[in-house]
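Subject: Structure handover

Hello,

Here is the structure you asked to have passed on. My notes on it follow below.

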Amino acid sequence: MPSVDQRDPNRVIVFDTTLRDGEQAPGFSMGVEQKLKMARALAGLGVDIIEAGFAAASPGDEEAVRVVSGEVEGPVFCSLSRATESDIMAAHRALSHNRRRRLHIFLGTSPIHRRAKFNMTADEVLAQAVNAVAFARTMFDDVEFSAEDAIRTEPEFLGDVLEAVANAGAQTLNVPDTVGYSTPAEIYELFAHLKRRVIDNHPGTILSTHCHDDLGMAVANTLSAVKAGARQVEVAINGIGERAGNCALEEVVMALRARADQFGLTTGIDTTKLVGVSRLLSQVTETPVPRNKAIVGINAFAHEAGIHQHGVLADARTYEIMRPQDVGFDGTSFVLGKHSGRHAVSKRASVLGHDLTGNLLSAVFAGFKRRADEIGEIDDAELLAIIRSATSDHNELRGAHAAV
Ligand code: KIV
Ligand code: ZN
């Protein structure tokens, strides 16, 4: 039996690979302690499966898989493995403390991988895949098989491999776009073909998608694969992963939620924890999240332009398609800068205890624009300084008028 409940056809399984594919990328390497912190946060977030590492890659990775899968409860823990007995045994050693475990075997199936990496024929690749899955099933109840570089594999041969590994006992069939080459229309066709050819004849197996972002289409491709029948998404927090990264967990989860009208599918993710987990990863890997990052960047719910601020103050839905609280922000943030309008400046001043009107408001607004041109963002301290200076000029002027 696979260790994740796959009975609900409308439930998308979230397989998090932040600690494996993500961690594999330059700049994102994590030690045992860092992986442990992240795994606890991912468990709290509600991911179904955590790929904790690649046990055979190094003694450190084996140790990390052992510690993380032994100490964190909730999700299923998984190790990556090549299609060899020694890798499968290393993964088994590392996962032996947790009964909720999965083995993830991968083998390149595309012509370029068969020729350049293995110098093997298609039949030899198929036989190795089947032997590895059959051997793995003697130790693991839950086995996933990935046809590496599936997108550049001949679709008929890909179907042959997936059918053969399903017959050998693999319950999850992953179809990775290893090099981020696919397009949404193309991946839709491929998944629809594989669903008809393999899944419909193997009840209890599911298709999984794993997309890289080399052409910036990882999230779009993942959603397209889901539309065509994939029920597991392999994703990473902040989209980290090999080269340009993986499909970002927070983006695909919020797309499924915000566009439930299009997908009609659910996940087990507590979306209110997305910002917290994203920030934890940024802290642990000492890599900032870009301001404009979808869902979790600090600009995702921030407005500076006067027209936008005015609209959001009237009704947030004018410029926001999600509630900031739903992803873990306190609320919308109004940034004051050179694009902000008089209305937003007067509103912020009022929150700070200054109800400005008439000439004084005009003077503060003019001072505000001058200073914003110089320094960009105007925080509360700057605004108060502008108000003080304008008020003193205003009072002096009134005094002078009174004296005349
Ligand atoms: O991108 C890829 O093909 C992978 C596999 C190991 C699943 O990361
Ligand atoms: Zn990958």
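N246 counts as buried, because its relative accessibility is 3% and the cut-off for buried is under 20%. Please keep in mind that this is a predicted model. N246 sits in the loop between β8 and α10. Leaving aside residues up to four places away in sequence, N246 touches T17, D21, G22, H210, C211, H212, A218, A236, G239, I240 and G241. Among these contacts are D21, H210 and H212, and those three residues also coordinate the zinc ion (ligand 2).

The metal site

The zinc ion (ligand 2) is held by D21 through OD, and by H210 and H212 through NE2. The coordination distances run from 2.0 to 2.1 Å. Along the chain, the donors follow the spacing D-x188-H-x1-H. Both histidines, H210 and H212, are buried.

Ligand 1

Which residues are around ligand 1? They are R20, D21, L80, H104, F106, S146, E148, N174, P176, T178, H210 and H212. The zinc donors D21, H210 and H212 are therefore part of the surroundings of ligand 1 as well, given that a residue is included if one of its heavy atoms lies within 4 Å.

Polar contacts to ligand 1 include the following:

- R20: an N or O atom of the side chain is 3.0 Å from an oxygen atom of ligand 1.
- T178: an N or O atom of the side chain is 2.6 Å from an oxygen atom of ligand 1.
- H210: a polar side-chain atom is 3.1 Å from an oxygen atom of ligand 1.

H210 thus appears in two places, as a zinc donor and in a polar contact with ligand 1.

The loop between β8 and α10, and the start of α10

N238 lies in the loop between β8 (232-235) and α10 (249-258). Its phi is positive, at about 60°, although N238 is not a glycine. Most residues other than glycine have a negative phi. N238 counts as buried because its relative accessibility is 18%, and the limit is 20%.

L249 belongs to helix α10. With a relative accessibility of 0%, L249 counts as buried. Its C-alpha atom is separated by 9.1 Å from that of F15, although the two residues are 234 residues apart along the chain. Not counting residues up to four places away in sequence, L249 touches V14, D16, L45, V47, V235, A236, I237 and L274. A236 is also one of the residues that N246 touches.

The loop between α12 and β9

E286 is in the loop between α12 (274-284) and β9 (302-303). E286 also has a positive phi, of about 50°, and is not a glycine. Is E286 buried or exposed? At 73% relative accessibility, E286 counts as exposed.

F301 is in the loop between α12 and β9 too, but F301 counts as buried, at 5% relative accessibility. F301 and I321 are 20 residues apart in sequence, with their C-alpha atoms 9.7 Å apart in space. The contacts of F301, not counting residues up to four places away in sequence, are I295, E320, M322, R323, P324, V327, F329, T332 and S333.

Two helices

Helix α6 covers residues 122-136. At 1.5 Å a residue its 15 residues should span 21 Å, and the end C-alpha atoms are 21 Å apart, so the two values agree. The buried residues in α6 are V125, A129, A132, V133, F135 and A136. They cover an arc of only 165° around the axis, so they lie on the same side of α6. An α-helix has 3.6 residues a turn, so residues three or four places apart point the same way. The face of α6 turned away from the buried side carries the exposed residues D123 and N131. The buried residues of α6 pack against α4 (85-94), β4 (101-108), α5 (111-118), β5 (143-148) and α7 (155-167).

Helix α8 covers residues 184-197. Its 14 residues should span 20 Å at 1.5 Å a residue, and its end C-alpha atoms are 20 Å apart, which agrees. In α8 the buried residues are I187, L190, F191, A192, H193, L194 and R197. These pack against α7, β6 (172-177), β7 (206-211) and α9 (218-227). The element α7 is also among the packing partners of α6.

Regards

Definitions and conventions
Residues are numbered from 1 along each chain as its sequence is written. Chains are lettered from A and ligands numbered from 1 in the order in which they are written. This is a predicted model: local features need pLDDT of at least 70, side-chain atom pairs count only at pLDDT 80 or more; totals for chains, interfaces and linings use all residues. Side-chain values use heavy atoms; hydrogens and water are left out. Helices (H or I, at least four residues) and strands (E, at least two) are DSSP runs, numbered from the N terminus. The expected span of a helix is 1.5 Å times one less than its number of residues. Buried means under 20% relative accessible area, exposed over 50%, partly exposed in between (1.4 Å probe, protein chains only). The arc is that of the directions from the helix axis to the C-beta atoms. Contact means heavy atoms within 4.5 Å. Donors are N, O and S atoms within 2.8 Å of the metal (3.2 Å for Na, K and Ca); water is not among the atoms, so sites may look incomplete. A polar contact is a pair of N or O atoms within 3.5 Å; within protein, one must be able to donate a hydrogen and the other to accept it, and residues adjacent in sequence count only if both atoms are side-chain atoms.
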